[in-house]
Amino acid sequence: MPELTRRHALGAAATLAAVAASQSLGAPTATAAGHDHTRPEAFDEVYRGRRITGRPISGSGHHHGAGYAVFIDGVELHVMRNADGSWISVVSHYDPVATPRAAARAAVVELQGAPLVPFGAN
């Protein structure tokens with residue numbers, strides 16, 4: 001049997017590490033994926049005295065929210081889904097949240113009673 005040298009030991013360790021890494025990349029888990037690209041459910045509620053609604057939509061237009069529209073008192077709140085599955089709105093752009101409903105609620109808080117001005121899609 002050949003003698004185990006430092007070179008052989010390091011080569012074997014590197015091979016094992018490469019195999020382990022490739023196996024973990026080949027079969028991502030739900031945690032590794034980190035996000036869910038399913039369409040959120042519709043909602044309709046009064047939050048802090050404001051009517052917030054959200055629903056799936058079809059068609060094109062200026063929607064970056066993965067086919068989903070959110071409204072505050074009937075005025076559309078522009079929302080967008082990030083690559084990690086979180087949501088942002090034009091009102092709370094730097095505060096990602098988990099759902100469009102949470103984005104609508106965050107916008108209501110941020111607006112502090114002010115009306116939502118429609119977002120122009122130029």
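**Exercise 1. Determine whether Ala-107 is buried or exposed, and describe its surroundings.**

*Solution.* Step 1. Ala-107 counts as buried because its relative accessibility is 0%; buried means under 20% relative accessible area, exposed over 50%, and partly exposed in between, with a 1.4 Å probe and protein chains only. The model is predicted, so local features need pLDDT of at least 70 and side-chain atom pairs count only at pLDDT 80 or more, while totals for chains, interfaces and linings use all residues. Residues are numbered from 1 along each chain as its sequence is written, and side-chain values use heavy atoms, with hydrogens and water left out.

Step 2. Ala-107 belongs to helix α3, which covers residues 100-111. Helices (H or I, at least four residues) and strands (E, at least two) are DSSP runs, numbered from the N terminus.

Step 3. When neighbours within four places in sequence are left aside, Ala-107 is in contact with Ile-72, Leu-77, Ser-89 and Val-91; contact means heavy atoms within 4.5 Å. The C-alpha atoms of Ala-107 and Val-91 are 5.6 Å apart, although 16 residues separate the two along the chain.

**Exercise 2. Locate Ser-89 and state which backbone atom its side chain reaches.**

*Solution.* Step 1. Ser-89 is part of strand β6, residues 87-89. With a relative accessibility of 1%, Ser-89 counts as buried.

Step 2. The side chain of Ser-89 reaches the backbone nitrogen of Ser-92 at 3.1 Å.

Step 3. Without neighbours up to four places away in sequence, the contacts of Ser-89 include Leu-77, Ala-103 and Ala-107. Leu-77 in turn touches several residues, among them Val-70, Ser-89, Ala-107 and Leu-116.

**Exercise 3. Describe the largest nonpolar core and identify which element gives the most to it.**

*Solution.* Step 1. A nonpolar core is a set of buried Ala, Val, Leu, Ile, Met, Phe, Trp, Tyr and Cys residues joined through side-chain atoms within 4.5 Å. The largest one here has 16 residues, and those with the most contacts inside it are Phe-43, Ile-52, Val-70, Ile-72, Leu-77 and Val-79.

Step 2. At least two residues of this core come from each of β1 (43-47), β3 (68-72) and α3. The most is given by α3, with five residues.

Step 3. As a general background, nonpolar side chains tend to be buried together in soluble globular proteins.

**Exercise 4. State how many salt bridges the whole structure holds, and explain what those of Glu-45 connect.**

*Solution.* Step 1. A search of the whole structure finds four salt bridges. A salt bridge is a side-chain nitrogen of Lys or Arg within 4 Å of a carboxyl oxygen of Asp or Glu.

Step 2. Glu-45 forms one with Arg-101, with the closest N and O atoms 2.5 Å apart. Because Glu-45 lies in strand β1 and Arg-101 in helix α3, this pair ties together parts that are 56 residues apart in sequence.

Step 3. Glu-45 also meets Arg-105 in a salt bridge, at 3.0 Å from N to O. This pair links distant parts of the chain, since Arg-105 is in helix α3 and Glu-45 in strand β1, 60 residues apart.

Step 4. Glu-45, Arg-101 and Arg-105 are thus linked in a network of salt bridges. Glu-45 is buried, with a relative accessible area of 15%. Arg-101 is partly exposed at 31%, and Arg-105 is partly exposed at 31%.

Conventions. A polar contact is a pair of N or O atoms within 3.5 Å; within protein, one must be able to donate a hydrogen and the other to accept it, and residues adjacent in sequence count only if both atoms are side-chain atoms.
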